[in-house]
Amino acid sequence: MSEISLQYHGTLLGAQRAVDISCPKTYQRRRPQNQPLYKLVTQNIDTFYDNYDETFLTNHGPLTRTTCKALEGFLRCGRIAFGFARAKCTDCGHESLVPFSCQLRGVCPSCQQKRAEILCRVVREEVIEPVNHRQLVFVLPRNLRRLFRNPEMLTLLCRTTVKATRQFYRAALDNQELEIGMMVLPQYFGDRLNHHLHIHALITDGAFDNEGNFYCLAMDMEHDIKILNKLWTKMVLDVLVKSKRISATHRDDRLTWKHTGFSVDGRVKVMRGDHGRLQRLVRYMARPAISFERVSYDAHTGKVLVRSAKKKVGFRPIVAEYHALEFLALLALQVPPPRTHMVRYYGYYSNAARGKRRKQDEVVETCSLQQKATPPLNLRRMRWAELLRRVFEVDPLSCPKCLGEMKLIAFITENQPTLIEKILLHLGEDDTPPKATGPPIWLQRLQAAEHNRVYAQIYDVDDSSEKENSDVMTIDYDVNWGA
Ligand SMILES: [Zn+2]
Ligand SMILES: [Zn+2]
């Protein structure tokens, strides 16, 4: 079940929620092919592949198979022509088609949004303890960011960040035995989709002792954050020296600078029990690099406009303008190398520590004669429908006609093209896969302009005189037209 995605938008029609009567009781499948971001990728991907080595290889490194897979997967995601599940209402027999999603990282905004929703729930129900939390954002100097691009260095950076934070909390609380809980999410992008590696962390605003008692830290934003920043800067530079990425002299020099380029921000706090704020924060930390509504694309010029992720007075200002190929190169940088963990848990929140606590809880529960009120929540099983309710605000398994229960009755994969075509034809659906469209329009125009320029040079055509006399037509009556 979890392999499938439903992409609908509309009103939630669940019986338990009030139905907005101004909206018709219908829902529509998401049609990614109508989105500018989709058009941009589909029209330019071949030209991008052809030009990559010449234009982007030096600055961006080689184009990996994982990256190509993510770009191509995005073009298949949510498209019914690439396979779907059939859902049928057990009451009225109404049928709908549910396209598959790509589930790939880095490019597809829809799948990343779903991943962020899963994370929200995991964090709330499996990870955090009922204490205050804080968000810390660690920013690296621009010229050092690329040194952490490979997975081993990224892991080192995350561990160093945790080590610095732990050391800071232990010193501030004056107890070397304490342990912090920390969730770390490296993010590769800035608001302009520029390559901007930085680290988001959700941490307990204090630390636990061996018995599980929590000691809160009243952090002074001015003073304490500066100390944490200094500690982190020193430790990260040490790691770079040790791994021979920078020289010891450069480290020592940089440490004397007034502005080292390293910064830590810790102003966002989440109070115990404030699930709404926690959810918004986790969603923000795990958000996609780019979303559909932030991109506009002009096929004739190849110009891409990127809008900010942050709304200003309900409006997203334009923050960057790129050429289509340049935009694709930046998007490609967002694909993490295979098996890179994009969410990591440390200290009191590490998988090992949480597993140990869960085991202890189970022992206590088994010893107790009291019956369990509810069985432990199996998130892996429950997520799918719940997730779609949250992301698309519809109940995927609630019939749009009678609100009855929809069941998935069959899965049609793209290995059955004849069957797909038959079903689509029967339902009056036209969702043919994208055909090779040749070069994008902007390139065709460029090529045509170039052709005209070369033609003009070879035949010495005087454009200006042609323009002036464009309305005058001369007919040579002496020509024998073969009539
Ligand atoms: Zn029904
Ligand atoms: Zn996807």
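Here is a short tour of one helix and two sheets in this predicted model.

**Stop 1: helix 3.** Select residues 65–76, which make up helix 3. At 1.5 Å a residue, its 12 residues should span 16 Å, and the end C-alpha atoms are 16 Å apart, so the two agree. Now colour Thr-67, Ala-70, Leu-71, Phe-74, Leu-75 and Arg-76: these residues of helix 3 are buried. In an α-helix there are 3.6 residues a turn, so residues three or four places apart point the same way. What covers the buried residues? Show helix 1 (36–55) and helix 9 (324–332), which are included in that cover. Before you leave, click Gly-78, just after helix 3, where phi is positive at about 80°.

**Stop 2: the first sheet.** Next, display strands 4, 3 and 16, an open antiparallel sheet in the order 4-3-16. Strand 4 (95–99) and strand 16 (406–413) are the edge strands, each pairing on one side only. On average, neighbouring strands here are turned by 25° against each other, direction ignored. Zoom in on strand 3 (residues 83–89): five bridges join it to strand 4. Which residue in strand 4 is the bridge partner of Phe-84? Look for Pro-99.

**Stop 3: the second sheet.** Select strands 12, 13 and 14, which form another open antiparallel sheet, ordered 12-13-14. Strand 12 (295–298) and strand 14 (318–323) each have a single partner strand, so one side of each has no neighbour in the sheet. Strand 13 (residues 303–307) pairs with strand 14 over five bridges, and Arg-307 stands opposite Ile-318.

Finally, bring back the two covering helices. Helix 1 lies across strands 12 and 13, at about 50° to strand 12. Helix 9 lies across strands 12, 13 and 14, at about 110° to strand 14.

Notes. Residues numbered from 1 in each chain as written. Chains lettered and ligands numbered in written order. Predicted model: local features only at pLDDT ≥ 70, side-chain atom pairs only at ≥ 80, totals over all residues. Helix = DSSP H or I, 4+ residues; strand = E, 2+ residues; numbered from the N terminus. Expected span 1.5 Å × (residues − 1). Buried ≥ 20, exposed ≤ 12 C-beta atoms within 10 Å, placed from the backbone. Contact = placed C-beta atoms within 7 Å. Pairing = 2+ DSSP bridges. Axes fitted to C-alpha atoms, helices over the stretch in contact; angles between N-to-C directions.
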